[in-house]
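Colleague: I should like to learn how to read the features of a protein model. May we work through one together?

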Amino acid sequence: MQRHYAMAWLLLLSAFVLFAVASAFELPEVFGHKLKSSGIADAICGVDSGTSSPTVPVLQSDSLGCIVPVPCGTAAQRILFIGDSMLEGLAPRLAAYADKNGHTLYSVIWYSSTSEVWGRSDKLTSYIQRLKPTYIFVCLGANELFVSDIERKRACYVEKIIADIDTIPFVWIGPPNWRKDTGINALIASRTPQGAFFLSDGMSFERGHDGAHPTRESAAEWLDSVVRWMPANALHPIRLDIPEVPSARPRRSYVHQPGER
């Protein structure tokens, strides 16, 4: 009797092993019906079966083919935030995040600036040399939404900004479109590494009297959206726990007026 039980258990174990192995591969159709994977292999390796998008970025695959997520940096950062007048709304919220998480924030607002203005100047290089940031945020493009032939006119300047940033981790926050642009978002996205560009186009904003700038409250929500996007999408995510206060001041803010060089 014990021998019969042993044989039965052996048959069940063999069937389970065969089923688990088969579920790891693309299964054939039987009588016109496609067999579905059991998901066992996915559960073991943590590999998405293809039914949903991954929720973490893939840094590389290990020896078993399992995905390895980009780790979130926990070290205190010296953050440099450069851009146009959109920083009036964004920088106070980022400053609150910086204070909450032990980072130091420096902001540089250059009113009416564009990628061309920054690309023709040595200001970014100068600020990097002076402040020695370990992380950079950029918000540019709002003043270039409707430039014609944008690729020819602006590509070299976008590339110059990225070259000036060099190896410092960064996120470029795209402009908050109020109408369809002529290609500035596509241009920036094509020149930045994957995970270094946040597309703001398509978001809903409460606008100020000029119809372009988000209100302070809406700009804070905009920055919150960037922060929520970073852990699963940014090339170099950093610690940005939600602050208790709505805004704060950067360690220091630098302001440049239109026409400066």
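Modeller: We shall discuss a sheet, a helix lying across it, and two residues. Please bear in mind that this model is predicted.

Colleague: In what order do the six strands of the open sheet stand, and how are they paired?

Modeller: One reads a sheet by following each strand to its partner. Here the order is β9-β8-β7-β5-β6-β10, and the pairing is parallel. Strands β9 (197-198) and β10 (252-256) each have a single partner strand, so one side of each lacks a neighbour in the sheet.

Colleague: How many bridges join strand β5 to β6?

Modeller: Six bridges join β5 (residues 78-83) to β6, and the two strands run parallel. Among the bridge partners, Ile82 is matched with Val108 in β6.

Colleague: Which strands does helix α6 lie across?

Modeller: Helix α6 (residues 150-165) lies across β7 (135-139) and β8 (170-173), and its direction makes an angle of about 155 degrees with β8.

Colleague: Is Thr104 buried or exposed?

Modeller: A residue is called buried when its relative accessible area is under 20%. Thr104 has 15% relative accessibility and therefore counts as buried. Thr104 belongs to strand β6 (residues 104-110). Leaving aside neighbours within four places in sequence, Thr104 is in contact with Gln77, Arg78, Ile79 and Arg251.

Colleague: Why does Ile184 count as buried?

Modeller: Ile184 counts as buried because its relative accessibility is 0%. Ile184 lies in helix α7 (residues 184-191). Not counting residues up to four places away in sequence, Ile184 touches Gly141, Glu144, Leu145, Ile150 and Pro175.

Methods:
Residues are numbered from 1 along each chain as its sequence is written. This is a predicted model: local features need pLDDT of at least 70, side-chain atom pairs count only at pLDDT 80 or more; totals for chains, interfaces and linings use all residues. Side-chain values use heavy atoms; hydrogens and water are left out. Helices (H or I, at least four residues) and strands (E, at least two) are DSSP runs, numbered from the N terminus. Buried means under 20% relative accessible area, exposed over 50%, partly exposed in between (1.4 Å probe, protein chains only). Contact means heavy atoms within 4.5 Å. Two strands pair if DSSP finds at least two bridges between them. Axes are lines fitted to C-alpha atoms, for helices over the stretch in contact, and angles run from 0 to 180 degrees between N-to-C directions.
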